[in-house]
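Q: Hi! Could you walk me through this one while I have it open?
A: Happy to, here it is.

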Amino acid sequence: MDKAERLQQIEQFEKRYTRLNIIVSVVMLGVSIYFLSTWSPYSILLPGVALLYTTWLEWNKMKLQQSFNESTRYHRLLRIDFTVMLSSLIWFVILIGLHFNGVDILPWMSWTLLIGGPCLILIPLWIDRKQSALDEHHVTSGEWARSNRERLKHTLDDISRKGRKQS
């Protein structure tokens with residue numbers, strides 16, 4: 001499977017979940033506004049729910065990407081990438097449990113941001129680079145972003161042309 005086919009499958013994956021992403025975003029916005037207006041202590045759970053949804057999307061994306069290459073090394077790198085996302089979800093659940101048990105989590109959050117933040121950025125980049133070296137048709141996140149930007153640009157150009165024709 002070459003890069004163009006992979007880009008097309010990833011685009012179809014994104015389109016399939018676009019409506020669900022919008023619905024989840026609107027529900028999260030409504031719930032967060034409610035929690036902000038009531039000053040509920042459960043508002044701290046909202047990022048966890050968003051992270052849970054993101055982890056579910058990453059799981060589905062990993063399953064799609066596993067169909068691109070049969071190499072066990074490629075699959076292992078995909079699983080490592082997913083494990084990084086899953087570990088952040090597990091760590092967040094631990095922090096929430098500490099918070100509800102009366103432990104001050106501010107120092108833990110500071111260390112999490114200092115250590116975990118760069119790791120959540122650098123590890124996926126490293127994995128992407130390794131996958132590119134392993135598979136010549138691998139679609140990197142940068143290539144996907146450029147392709148997505150070009151597709152959106154063409155869509156906006158089409159909308160602009162239609163607007164000019166009508167006026």
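Q: Before we start, what do you count as a polar contact?
A: A polar contact is a pair of N or O atoms within 3.5 Å; within protein, one has to be able to donate a hydrogen and the other to accept it. Keep in mind as well that this is a predicted model.

Q: Good. So how far is the backbone oxygen of Asn69 from a polar atom of the side chain of His75?
A: The two lie 2.7 Å apart.

Q: Where is His75 found?
A: His75 sits in helix α3.

Q: And is His75 buried or exposed?
A: His75 is buried, because its relative accessible area is 15% and the cut-off for buried is under 20%.

Q: What about Arg76, where is its place?
A: Arg76 also belongs to a helix, namely α3. Arg76 counts as partly exposed, with a relative accessible area of 45%.

Q: Which residues gather in the patch of positive charge on the surface?
A: Arg76 is one of them, and the others in that positive patch are Arg73, Arg79, Arg129 and Lys130. Two elements give two or more residues to the patch: α3, residues 72-100, and α4, residues 106-134.

Q: Which element gives the most to the positive patch?
A: That would be α3, which supplies 3 residues.

Q: Switching to greasy stuff: which residues form the nonpolar patch on the surface?
A: The nonpolar patch is made of Leu86, Ile90, Trp91, Ile94, Val103 and Trp108. Together these residues have about 500 Å² of accessible area.

Q: Which element gives the most there, to the nonpolar patch?
A: Helix α3 does, with 4 residues in the nonpolar patch.

Q: Pick out Ile90 for me. Where does Ile90 lie?
A: Ile90 lies in helix α3. Its relative accessible area is 46%, so Ile90 is partly exposed.

Q: And Ile121, where does that one lie?
A: Ile121 is part of helix α4. Ile121 counts as exposed because its relative accessibility is 54%, with the cut-off for exposed set at over 50%.

Q: How far apart in space are Ile121 and Ala4?
A: They are 26 Å apart, C-alpha to C-alpha, with their positions 117 residues apart in sequence.

Q: OK, charges again. How many salt bridges does the count come to?
A: The count comes to 5 salt bridges.

Q: Which residue does Lys3 meet in a salt bridge?
A: The side chain of Lys3 meets that of Glu143, at 2.7 Å from N to O. This pair links distant parts of the chain, 140 residues apart: Lys3 is in helix α1, which covers residues 3-38, and Glu143 is in helix α5, which covers residues 141-166.

Q: What is the relative accessibility of Lys3?
A: The value for Lys3 is 28%, so Lys3 counts as partly exposed. Its partner Glu143 is also partly exposed, with a relative accessible area of 22%.

Q: While we're on Lys3, how far is it from Glu14 in space?
A: Lys3 and Glu14 are 16 Å apart, C-alpha to C-alpha, and 11 residues apart in sequence.

Q: Next one: which residues are linked in a network of salt bridges?
A: Glu11, Lys15 and Arg151 are linked in such a network.

Q: How far apart are the closest N and O atoms of Glu11 and Lys15?
A: In the Glu11 and Lys15 salt bridge, those atoms are 3.5 Å apart.

Q: Why are Glu11 and Lys15 separated by about one helical turn?
A: Because the two are 4 residues apart in helix α1.

Q: And the salt bridge between Arg151 and Glu11, how far apart are the closest N and O atoms there?
A: For Arg151 and Glu11 the distance is 3.6 Å. That pair links distant parts of the chain, with Arg151 in helix α5 and Glu11 in helix α1, 140 residues apart.

Q: Last thing: is Lys15 buried or exposed?
A: Lys15 counts as exposed, because its relative accessibility is 53%. Arg151, by its relative accessibility of 26%, counts as partly exposed.

Conventions
Residues numbered from 1 in each chain as written. Predicted model: local features only at pLDDT ≥ 70, side-chain atom pairs only at ≥ 80, totals over all residues. Heavy atoms only, no water. Patch = residues over 30% accessible without salt bridge, like charges linked within 9 Å, V, L, I, M, F, W, Y side chains within 5 Å. Areas by Shrake-Rupley, 256 points an atom, 1.4 Å probe, with all protein chains shown as cover. Salt bridge = Lys/Arg side-chain N within 4 Å of Asp/Glu carboxyl O. Lys, Arg positive; Asp, Glu negative; His and termini not counted. Charge placed at Lys NZ, Arg CZ, Asp CG, Glu CD. Buried < 20%, exposed > 50% of the residue type's maximum accessible area, 1.4 Å probe, protein only.
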